[in-house]
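Here are my notes on this one, as numbered points. Have a look at the model alongside them.

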Amino acid sequence: MMPPELLILLPALIGFVVLLARHRKPTPTGAVIPRHAIVVDGSNVMHWGGAPSAKVLARVLGALQAKGYAPIVFFDASAGYRLADRYLDAGDLAGLIGLPAAQIHVVDKGVIADSAILGFSALHGLRIVSNDQYRDWRVQFPHLHRKGAVLRGRFQDGAVVWQQRLKLVRA
């Protein structure tokens with residue numbers, strides 16, 4: 001039998017455990033989601049400068065990191081063929097774009113990356129960096145209707161230009 005004082009504290013303890021669990025959700029690769037995570041549609045962003053480019057993607061990721069964001073990048077299975085004429089896994093892409101492999105997810109061949117990106121962002125309440133309008137997915141993923149759910153931009157004259165203001169998330 002529990003003392004009545006502990007019964008009073010039990011709901012607070014349960015709430016604390018739930019809050020801790022919400023901040024330690026696994027990424028697709030099994031790593032813990034970092035604070036200020038943001039999902040990046042790597043297959044889309046690598047085209048922001050025109051032809052597919054790991055350097056453009058790395059600059060966009062650097063701009064996000066400079067503002068305090070922790071990018072989690074999703075790629076189509078074919079992304080490596082567009083960047084290096086061969087399949088590239090998360091480890092290969094990590095070397096090209098300067099992120100740890102734990103923050104990179106390459107969807108399996110035949111899987112639509114958009115569904116993985118949108119499902120992950122909806123599940124974890126994260127914004128998406130992409131110029132994709134995701135029109136075919138708006139009914140299935142209503143979080144796309146929220147203002148600022150998708151952060152758009154371009155790479156112009158050697159610089160990342162955001163369509164909306166990118167706020168600093170840490171001092």
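1. Start with Arg152: its side of the story is a list of touches (contact being heavy atoms within 4.5 Å). Leaving out residues up to four places away in sequence, Arg152 touches Trp48, Ser130, Asn131, Asp132, Gln133, Arg138, Trp162, Gln163 and Gln164.

2. A caveat on the source: this is a predicted model, where local features need pLDDT of at least 70, side-chain atom pairs count only at pLDDT 80 or more, and totals for chains, interfaces and linings use all residues. Residues are numbered from 1 along each chain as its sequence is written, and side-chain values use heavy atoms, with hydrogens and water left out.

3. What about charge partners for Arg152? Arg152 is buried (under 20% relative accessible area, 1.4 Å probe, protein chains only) but has no salt bridge, meaning a side-chain nitrogen of Lys or Arg within 4 Å of a carboxyl oxygen of Asp or Glu. Asp132, the nearest side chain of opposite charge, sits 6.8 Å away. The backbone oxygen of Asp132, though, is 3.4 Å from a polar atom of the Arg152 side chain.

4. Next door, Leu151 belongs to strand β5 (strands are DSSP E runs of at least two residues). Leu151 counts as buried because its relative accessibility is 0%. Its C-alpha is 6.0 Å from that of Ile128, 23 residues apart along the chain.

5. As for the sheet, five strands make an open, parallel arrangement ordered β3-β2-β1-β4-β5, with pairing requiring at least two DSSP bridges. The edge strands are β3 (104–106) and β5, each pairing on one side only.

Definitions and conventions
Buried means under 20% relative accessible area, exposed over 50%, partly exposed in between (1.4 Å probe, protein chains only). Lys and Arg count as positive and Asp and Glu as negative; His and the chain ends are not counted. A polar contact is a pair of N or O atoms within 3.5 Å; within protein, one must be able to donate a hydrogen and the other to accept it, and residues adjacent in sequence count only if both atoms are side-chain atoms. Helices (H or I, at least four residues) and strands (E, at least two) are DSSP runs, numbered from the N terminus.
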